[in-house]
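Please open the structure in your viewer and keep the selection panel at hand. The stops below are meant to be followed in order.

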Amino acid sequence: MSNKEKSIYITTPIYYVNDVAHIGHAYTTIIADTLARYARLTGNKTFFLTGTDEHGQKIETSAAARGKSPKEYADEVSGKFRTLWDDFGITYDKFIRTTDEEHKTGVQKAFQTMFDKGDIYKGNYEGNYCVSCETFFTDAQLLDNGGCPDCGRPTTIVKEESYFFALSKYEDKLLKLYENNPDFILPKAKAKEIVNFVSGGLNDLSISRTSFDWGLKLPASMNDDKHVMYVWLDALLNYITALGYGNDEANMEFWPANIQLVGKDILRFHAIFWPAFLMSLELPLPKHIAAHGWWTRDGEKMSKSKGNVVDPREICEAYGLDAFRYFLLREVPFGQDGDFSQRALMDRINSDLGNDLGNLLNRIIGMSGKYFDYKLTSKDVAKFHQKELDEVQTLLANSEEFLYHLQINRFLEEIWKVLTIGNKAIGDYEPWNMVKDGKIEEAMALVALITNIMAKVAVLLKSVMPLKIGEVEKSLGINIDTGAYNKLIKNNELMDDTVITKIDALFPRIEEELIAVASSNPTTTEVVKEVLVCQNERTIKIEALEDEANLITIDQFFGTTLKIGTIVSAEEVPKSSKLLKLQVDLGEERTRQILAGIKEYYSAESLIGTQACVVANLKPAKLMGMVSEGMLLAAKDENGLHLLRPEAPKKSGTKVS
Ligand code: MSP
């Protein structure tokens, strides 16, 4: 991607509808959104695609486990993804669903074209399949215990009639592609793995299944109703069907894509299968397939069974959307794995956003108000501060290159160097002494220099933190659009005269973690609930949930001591919007102090004397400086949060089993 291009096409993977959105989905989507916003700001015609991947065995099984039809289930989860992105202000141009009618027509046309070219033939497949990854593996690829080499889960043996795509035919062409386009796979280090894989030899790819139904049918001309298409063939083609391939092709002008963002686990599909399909269709290839790393939480892999999956909505409600966006983009170099912790997020908020960015704006508001009645002019900035202006321009001009090469953390680092120039200039020139000495013109030039620095930084940061930078625009009296970008960044000009407006602190300091993980994580209770259902309804549901819920054994379940507790006192925790401090009687010598994140749902008084189910053998944790010695079980859905309680009163401390 470069700023010379006129039409920019950016894609995220389409997300499976067997799970709710987590930090990994939010990460890719926020990177893509930032790039798309930036491309638009710099005057490029831009198309940004995201959506949901809704076919395949995995979805069929998940839906059955919930007693729903696959379509019903897909509608529900796809809707949740879309609502989340809408609530996050994600600026997608199209949200594709693989159950869309146009997608089906496009995929069938592609199948037919490949078939007519002689790249698809019918045969028999016998081999191993991982339903969770929707991937075929050879014996040699499996783990020693027969497990999937990607996710470790058990594989099944598939033996059925199948159509094949002649992938092996494209081996040499793919190797040439990687050799001639060293930027095709980003970061470049990742290309090696792919080259090694392809050099090891490619088998033809099974692209249809007969043992289940939930998929796209082959084109009618094939006259073969038994088969549904392999979900990865169906899914990858979304990147062109979304532009109208096989239907009204007007938007195909955006093809080839400039950047296709993927997680490292699905790079192989995008860097091998996808270009081979496109070669077969005789379509141009994407410019870059960019693979990011994986997020862990507090150093641990996230999983539903651990109950430590980062819910992006919860984080944003507690810490703010823009802080979350900044954190994701700044914390980890693109391509590397990253760790999410509330502590790390708070550090970024308090230091980078509060101190460096927010304080500089505060100082502009303070100085402009005190010395100049908020009215500023840039007319003498160059006369007194050419040196600083040159330094700023060099940094800003170089920063853009980092963004276009997906070194987004470096892009932000360069911008922060510019903020440092601003903060340092105030200390170096001491405008208060200039005013005292009657050097009003110089003081004005200094305050206007800082304001220009803030304005230029704001232009570049608008795509990263659209909401907070909106407030900066209001405060500085500027409007950030392509005109402002051309004027302040490209042509290196200064702001027009302006009037500063006082606004609240951009990023108020956060002293304590705002989310009580132990007390309010609904995922944990959801899993417990699901396991209980399985115990009653036996094996069919257990099988169905196995690959996605990471089932635990009965022994593991009873490793958790659940007891009925009576809440003897309850009070609000000052300065916390979520926490209540409870004293709970568990039939022990003394009551336990439990901090529960339920303040939004229960008043303190209403809880006194009531009972709840308590996890009684949880390691004590400190929240907002106070010890919490247990956790209340609760269930949360769109109708709110409710504590789990016994149907009839029980003695305090009664075991739940
Ligand atoms: N449906 C396929 C993609 C088809 S694209 C033609 C798929 N869907 S997914 O929902 O399972 O995964 C979507 C993305 O989330 C992948 O890019 C994956 O790498 C990413 N992540 C899943 N867990 C993640 C983390 N813990 N951290 C970062 N990203 C992670 O695969």
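The tour goes first to the ligand and its surroundings, and then to a sheet.

Keep in mind throughout that this is a predicted model. Begin by selecting the ligand together with the residues around it, 23 in number, of which Ile14, Asp53, Gly263, Asp265 and Trp295 come nearest. If you colour this shell by residue class, you will find 13 nonpolar, eight polar and two charged residues.

Next, show the polar backbone atoms around the ligand. A backbone N or O atom of Ile14 lies 2.9 Å from a ligand nitrogen atom, while a backbone N or O atom of Gly263 lies 2.9 Å from an oxygen atom of the ligand. At Tyr16, a polar backbone atom is 3.1 Å from a ligand oxygen. With the surface switched on, consider that the ligand taken alone exposes 670 Å², of which the protein buries 93%.

Now change to a cartoon view and ask which elements each supply at least two residues of this shell. Select β2 (15-16), α1 (23-41), α7 (231-236), α8 (238-241) and β12 (259-263), which each do so; the largest share, three residues, comes from α7.

For the last stop, select the strands β6, β5, β7 and β9, which in that order form an open sheet with antiparallel pairing. Its edges are β6 (135-137) and β9 (205-206), each of which pairs on one side only. Zoom in on β5 (residues 120-130), which three bridges join to the antiparallel β6, and finish at Asn128, which stands opposite Phe137 in β6.

Terms used. Residues are numbered from 1 along each chain as its sequence is written. This is a predicted model: local features need pLDDT of at least 70, side-chain atom pairs count only at pLDDT 80 or more; totals for chains, interfaces and linings use all residues. Side-chain values use heavy atoms; hydrogens and water are left out. Two strands pair if DSSP finds at least two bridges between them. Helices (H or I, at least four residues) and strands (E, at least two) are DSSP runs, numbered from the N terminus. A residue is near a molecule or strand if one of its heavy atoms lies within 4 Å of it. A polar contact is a pair of N or O atoms within 3.5 Å; within protein, one must be able to donate a hydrogen and the other to accept it, and residues adjacent in sequence count only if both atoms are side-chain atoms. Accessible areas come from the Shrake-Rupley method with a 1.4 Å probe; for residues, only the protein chains shown count as cover. Ala, Val, Leu, Ile, Met, Phe, Trp, Tyr, Cys and Pro count as nonpolar, Asp, Glu, Lys and Arg as charged, and the others, Gly among them, as polar.
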